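Colleague: I'd like a close look at one part of this protein, with the rest brought in as it helps. Here is the model I have open.

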Amino acid sequence: MNPEELRDHCLSFLGTKEEFPFGSETSAFKVAGKIFALSRLAENPLRVSLKCEPPLAEQLREAHAAVLPGYHLNKRHWNTVIIDGSLPDKMITDMVEDSYDLVVSKLPRARRRALGWCSDA
């Protein structure tokens with residue numbers, strides 16, 4: 001996965017915007033004003049920080065050297081993923097989607113429905 005593919009995937013989710021609240025080098029991908037992915041797209045190797053359920057975050061870190069505690073983030077809820085070819089692209093795209101879903105799941109019901117996210121339990 002390259003930076004353009006990562007950006008395109010993050011922006012493929014309904015209601016997503018790319019903003020730069022931490023300076024022009026760090027892309028923050030947000031839905032409803034909440035960040036679900038952070039990346040310095042020009043960095044080599046490419047990295048992306050993603051929200052994750054705490055138990056899964058720990059499992060991913062234990063299983064994959066390219067998954068680290070979130071850099072400058074709440075390490076319980078965030079992982080930083082190094083995109084160096086050691087993880088399949090499908091796994092990375094799934095982690096991005098999971099991060100988006102985790103953020104959307106915490107939004108008010110009306111906002112979730114407006115985003116077409118109807119997983120209301």
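Where is the place of Ala32? Please start there, and then walk me through the other loops and what they connect to.

Modeller: Happy to, and keep in mind that this is a predicted model. Ala32 sits in the loop between strand 2 and strand 3. Its backbone stands out: phi is positive, about 55°, although Ala32 is not a glycine. As background, most residues other than glycine have a negative phi, and most peptide bonds are trans. With a relative accessible area of 26%, Ala32 counts as partly exposed.

Two other loops have something of the kind to show. His72, in the loop between strand 5 and strand 6, also isn't a glycine and has a positive phi of about 60°. His72 is exposed, at 67% relative accessibility. Then there's Pro45, in the loop between strand 3 and strand 4. Here the oddity is in the peptide bond: the one from Asn44 to Pro45 is cis, with omega near 5°.

Now for the strands and helices. Strand 2 (27-31) and strand 3 (34-39), on either side of your Ala32 loop, each supply at least two residues to the largest nonpolar core. That core has 30 residues, and the members touching the most others are Leu6, Phe36, Val81, Leu87 and Met95. In general, nonpolar side chains in soluble globular proteins tend to be buried together. Other elements giving at least two residues each include helix 1 (3-11), strand 4 (46-51) and strand 6 (78-83). Helix 3 gives the most, with seven residues.

Take Leu6 if you want to see how that works in space. Leaving aside neighbours within four places in sequence, Leu6 is in contact with Met1, Ser39, Leu41, Leu46, Val48, Ile83 and Val96.

Strand 4 also holds a polar residue worth clicking on, Ser49. Ser49 is buried, with a relative accessible area of 8%. Its side chain makes a polar contact of 2.7 Å with the side chain of Thr80. Beyond its sequence neighbours within four places, Ser49 is in contact with Phe36, Ala37, Leu38, Tyr71, Leu73, Trp78, Asn79 and Thr80. So Phe36, one of the core residues touching the most other members, is among the contacts of Ser49 because heavy atoms of the two come within 4.5 Å.

Next, helix 2 (54-63). Pro54, Ala57 and Leu60 are buried there. They cover an arc of only 125° around the axis, so they lie on the same side of helix 2. As a general point, an α-helix has 3.6 residues a turn, so residues three or four places apart point the same way. Pro55, Gln59, Glu62 and Ala63 are exposed on the other side of helix 2. The cover over the buried residues of helix 2 includes strand 5 (67-69), strand 6 and helix 3.

Finally, have a look at Leu102, in helix 3. Leu102 has a relative accessible area of 15%, so it counts as buried. Apart from neighbours within four places in sequence, Leu102 is in contact with Lys51, Cys52 and Glu53. Glu53 and Leu102 are 49 residues apart along the chain, yet their C-alpha atoms are separated by 7.9 Å.

Methods. Residues are numbered from 1 along each chain as its sequence is written. This is a predicted model: local features need pLDDT of at least 70, side-chain atom pairs count only at pLDDT 80 or more; totals for chains, interfaces and linings use all residues. Side-chain values use heavy atoms; hydrogens and water are left out. A nonpolar core is a set of buried Ala, Val, Leu, Ile, Met, Phe, Trp, Tyr and Cys residues joined through side-chain atoms within 4.5 Å. Buried means under 20% relative accessible area, exposed over 50%, partly exposed in between (1.4 Å probe, protein chains only). Helices (H or I, at least four residues) and strands (E, at least two) are DSSP runs, numbered from the N terminus. The arc is that of the directions from the helix axis to the C-beta atoms. A polar contact is a pair of N or O atoms within 3.5 Å; within protein, one must be able to donate a hydrogen and the other to accept it, and residues adjacent in sequence count only if both atoms are side-chain atoms.
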